[in-house]
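Student: I should like to learn how to read the features of a structure. May we work through one together?

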Amino acid sequence: MKIVLIHGQNHKGSTCMIAQELAEKINDKTQGTSEIKEYFLPKDFDKPCMGCCTCFKEDLTKCPHYTKLEPLVTALLEADLIILESPVYVYHATGQMMSFLDHFGTWWVVHRPKAEMCKKQAVVIATAAGGGMKSTVKDMADSLEMWGISKIYKYGVGVQAVSPKEIPERIIKKIHKKTEKLSEAVCKNAGKQKMNHRGKKWFYLMRLAQKHFPPMEPDYSYWEEKGWHKKARPWKG
Ligand SMILES: Cc1cc2nc3c(=O)[nH]c(=O)nc-3n(C[C@H](O)[C@H](O)[C@H](O)COP(=O)(O)O)c2cc1C
């Protein structure tokens, strides 16, 4: 399985530890055949979106940051499993994780989604000292759902710590159990092709809007070329 981990911080703390543990367990379950790529933010991509809207008006490949972004784009498109992780910072994902995700507005199903997302799974992981896991997990899952990923697993955990060595033993045990369960689920669902419920709902709403309102380009032509105004669907074929 091709796995890409996007770490929402440069340091290897509790959240990174959980994400890496999960990837390793999946690698074990696939007899060591998995390929794991990792990117740390902001070390591997440090640009905030400039709001020029070139991606919406033209294409993501025309983004002023594309040269730096390209290795991460390629890794995301090639992956079978995307793992996004972030510590909770003031109840949300880190600024660098959000800045990174800002670059993928055109991948949302309401614009020009990538059909290959329907063949991928994703896991989002957040740790906090005590609170804010739900909103942080949602910050990342929003993008993955709207990219049309088939299945998204969400894991937020309060670790009562600011570094891995401080995490109480009973919580560590809980984390090992959860990564085991997640790795089993990911392996079991590998290769399934569908679009998650939220993404599908927005796909059909957009399809309706495109029928009844003046065409918004270049989105309309992209859908036309894919046959989505007719019978073709991103999750089929
Ligand atoms: C800037 C900053 C903001 C934080 N905000 C919260 C918060 O809102 N809620 C919380 O429970 N913990 C908060 N924490 C604590 C971390 O989320 C927590 O220790 C987390 O497990 C750290 O993960 P890491 O080891 O991967 O860096 C914050 C820490 C920092 C540095």
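Tutor: We shall discuss the ligand site, one helix and two residues. This is a predicted model, in which local features need pLDDT of at least 70 and side-chain atom pairs count only at pLDDT 80 or more, while totals for chains, interfaces and linings use all residues. Residues are numbered from 1 along each chain as its sequence is written, and side-chain values use heavy atoms, with hydrogens and water left out.

Student: Which residues come nearest to the ligand?

Tutor: A residue is near a molecule if one of its heavy atoms lies within 4 Å of it. Here 17 residues are around the ligand, and H11, T15, V88, T127 and A161 come nearest. The shell divides into 10 nonpolar, 7 polar and no charged residues; Ala, Val, Leu, Ile, Met, Phe, Trp, Tyr, Cys and Pro count as nonpolar, Asp, Glu, Lys and Arg as charged, and the others, Gly among them, as polar.

Student: Which atom of V88 lies 2.6 Å from an oxygen atom of the ligand?

Tutor: A polar contact with the ligand is a pair of N or O atoms within 3.5 Å. For V88, a backbone N or O atom lies 2.6 Å from a ligand oxygen, and for H11 a polar side-chain atom lies 2.6 Å from a ligand oxygen. The protein buries 74% of the 640 Å² that the ligand exposes when taken alone, with areas from the Shrake-Rupley method and a 1.4 Å probe.

Student: Which residues of helix α8 are buried?

Tutor: Helices (H or I, at least four residues) are DSSP runs, numbered from the N terminus, and buried means under 20% relative accessible area (1.4 Å probe, protein chains only). An α-helix has 3.6 residues a turn, so residues three or four places apart point the same way. In α8, residues 219-226, the buried residues are D219, Y222 and W223. They lie on the same side of α8 because they cover an arc of only 95° around the axis, taken from the directions from the helix axis to the C-beta atoms. Helix α7 (197-212) is included in what covers them.

Student: Is G199 buried or exposed?

Tutor: G199, whose place is in helix α7, counts as buried because its relative accessibility is 0%. Contact means heavy atoms within 4.5 Å; not counting residues up to four places away in sequence, G199 touches V109 and E145.

Student: Where does T94 lie?

Tutor: T94 lies in the loop between β3 (81-87) and α4 (95-102), where strands (E, at least two residues) are also DSSP runs. T94 counts as buried, at 0% relative accessibility.

Definitions and conventions: A polar contact is a pair of N or O atoms within 3.5 Å; within protein, one must be able to donate a hydrogen and the other to accept it, and residues adjacent in sequence count only if both atoms are side-chain atoms. Buried means under 20% relative accessible area, exposed over 50%, partly exposed in between (1.4 Å probe, protein chains only).
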